[in-house]
Amino acid sequence: MSNPDSTPVPLLAETEDFEDLYEHAPCGYVSIAPDGKIVKANLTLGEWIGHDKKSLLSIRFRDLLTVPSRMYYETNVMPLVRLQGFVNEVALDIERTDGERLPILANVSERRDASGKALVLRMTIFNASDRRRYEKELLAARTAADSANQSLQALNASLEQRIAEGVALRMQLEDSLRQSQKMEAVGQLTGGIAHDFNNLLAGIGGSIELLEIRLKQGRTDALQRYIDAAGGAVTRAAALTHRLLAFSRQQTLQPKATNINRLVIDMEELIRRTVGPGVALQVVGAGGLWASVIDPNQLENALLNLCINARDAMPTGGRLTIETANKWLDDRTAKERDLPPGQYVTVSVTDTGTGMSPEVIAHAFEPFFTTKDVGKGTGLGLSMVFGFARQSGGQVRIYSEVGRGTTMTIYLPRHHGESEVEDTGAFLLKAREADEETVLVVDDEPTVRLLVTEVLEDRGYHVIEATDGPTAVKILQSTVEVDLLITDVGLPGGLTGRQVAEAARAGRPNLKILFITGYAENAVIGSDLIDAATPMLTKPFSIQSLVEKISHLLP
């Protein structure tokens, strides 16, 4: 869109003071004029080397370096920058004002005007000592993970294999975290990631606990279902790591035949909350849309990037349209788009914002290029969208006029086959015995539902399962008897656990309710997420804790 850079940001971070984040970022930032003078630097860099900002702006960057690093900088780094436009991760030494040597890792990029004249040299600087400490922490985490894997070997060999695969994928995540240009974005995502991993840990831990219980009882006939549940949670953990790895253009994609209309619809609520009430969102899905073999997590990230860019291009509000279509590209049209002729599925994001000039469009997909103020963008958003499209065999095109808005279109090759369809919104309703009490379990994580249902049925309760808020409300508004509602706080489908509980109490004022959540307890108590007076369990929880809560509610 008009502002061609964007990084997906958690909704709660949208009100942060981004200039303050720039000044106090965990890395140093510096901009250098062609004559070598420092023209801008953040407080972090000054604190590291003992200079205040005023004194930094009066010296040349090369004069901060030790003699060997100064020579390397002038004879190796600068020629590469002029030739390639950017250099990834250069090791240098800075001499602090107290005479101590500070080892750093720097990403260097050069910005030029339309005529090719150098305007400014930009550097993102990381403290190499901090990085070594971080790598030691990762090594300790790997050691702990290896120890945990060994304890699972006695349970089942196939379960061990699945967990090992999950650990391997998490190590890929650790590798991606070392990419310094992604550290800020990963930091912004940690809250949501912790919630999702707590869900998965609840499923894995509960499955292992039930395996131990069944083995002690001598009941070995149904162990495979718990093994499958834990393995499924590991698989979903791997998918979660891929959501993070999508920030790296060099990762290996995990493509599958995807119904893009369904993907866009599933993201609609998240996008609507992200762009805010000042932007009118319209989703137009083509009838009979072809499938495409892509990594759906990557497309989700690309779509969110484009929508955030569109929002930023409409600071006073406007209209945002997401549209899908089938396209035939003949020889001439395909050549114009740098694609082979054939059939493609397109996803277009159109805004009514400020638009882009031809000069901005020409550089929009370059890494680190941004028209945003310093500290308000990394310049990686559109480059990642472009990388995903090209690795998927497609392309991205920009159509824009200054003052009249922008359309970003992703072209993806057609898949001649069926797309994978997931059944959502389902609930399981079985016949209830006359003397049974009924519990409605609402959670989008299937492993958690399985574990809670097993515990309840073992104790003689009748259980109904629902995967999202709207489905649960339909059950609660029906004539089905329900004695206890157990619901996750964060649910898909547009309704939170609290909203489900409020709908339940409207028609069933005496209904007992138990919340379960993957968020930290302090993050939900006292917030708008749940009522502090309602009983709650935080994931991962033990089977014994669940039994005790249920026993108090249904004595």
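This is a short tour of the predicted model, stop by stop, with something to select at each one.

Before you click, note that residues are numbered from 1 along each chain as its sequence is written, and that side-chain values use heavy atoms, with hydrogens and water left out. Because the model is predicted, local features need pLDDT of at least 70 and side-chain atom pairs count only at pLDDT 80 or more, while totals for chains, interfaces and linings use all residues.

**The whole chain**

Start with a cartoon view: the protein chain has 18 helices and 18 strands. Helices (H or I, at least four residues) and strands (E, at least two) are DSSP runs, numbered from the N terminus. Of the 555 residues, 48% count as buried, meaning under 20% relative accessible area with a 1.4 Å probe, protein chains only.

**Strand E1**

Select Val30, which sits in strand E1 (residues 28–32). Val30 is buried, at a relative accessible area of 2%. Now add Thr124: it is 94 residues away from Val30 in sequence, yet the two are 6.8 Å apart, C-alpha to C-alpha. Beyond its neighbours within four places in sequence, Val30 has contacts (heavy atoms within 4.5 Å) that include Ile38, Leu45, Phe61, Leu121 and Ile125.

**Helix H10 and the largest core**

Next, select residues 296–312, helix H10. The expected span of a helix is 1.5 Å times one less than its number of residues; for the 17 residues of H10 that gives 24 Å, and the end C-alpha atoms are indeed 24 Å apart. Of those 17 residues, 16 are buried, so H10 is largely enclosed by the rest of the structure.

Which residues touch the most other members of the largest nonpolar core? Show Ile260, Ile271, Leu303, Leu320 and Ile410, out of 38 residues in that core. A nonpolar core here is a set of buried Ala, Val, Leu, Ile, Met, Phe, Trp, Tyr and Cys residues joined through side-chain atoms within 4.5 Å. Elements that each supply at least two residues include helix H9 (260–275), strand E9 (318–329) and strand E12 (405–413). H10 gives the largest share, eight residues.

Zoom in on Ile260: setting aside neighbours within four places in sequence, its contacts include Leu289, Leu299, Val345 and Leu412. Apart from this core lies another, of 27 residues, with Ile227, Phe541, Ile543 and Val547 among them.

**Helix H14 and a cavity**

Move to H14, whose 13 residues reach 18 Å from first C-alpha to last, close to the 18 Å expected. H14 is mostly covered, with 10 of the 13 buried, including Val448, Leu451 and Val452. Just after H14, check the backbone at Gly460, which takes a positive phi of about 85°.

Now look for empty space: the structure holds four cavities of 30 Å³ or more. On a 1 Å grid over the protein atoms alone, a cavity is a set of points where a 1.4 Å probe fits but cannot get out, and lining residues have an atom within 4 Å of a point. What lines the second largest cavity? Select Ala202, Gly206, Val448, Leu451, Val452, Phe541 and Ile543. H14 gives the most to this lining, with three residues.

**Last stop**

Finish at Asp338, in the loop between helix H11 (331–336) and E10. Asp338 is not a glycine, but its phi is positive, about 60°.

Note on methods
On a 1 Å grid over the protein atoms alone, a cavity is a set of points where a 1.4 Å probe fits but cannot get out, and a pocket is an open set with protein on both sides within 12 Å along at least five of seven lines; lining residues have an atom within 4 Å of a point. Grid points are joined across faces, edges and corners, and a volume is the space filled by probe spheres set on the points. Buried means under 20% relative accessible area, exposed over 50%, partly exposed in between (1.4 Å probe, protein chains only).
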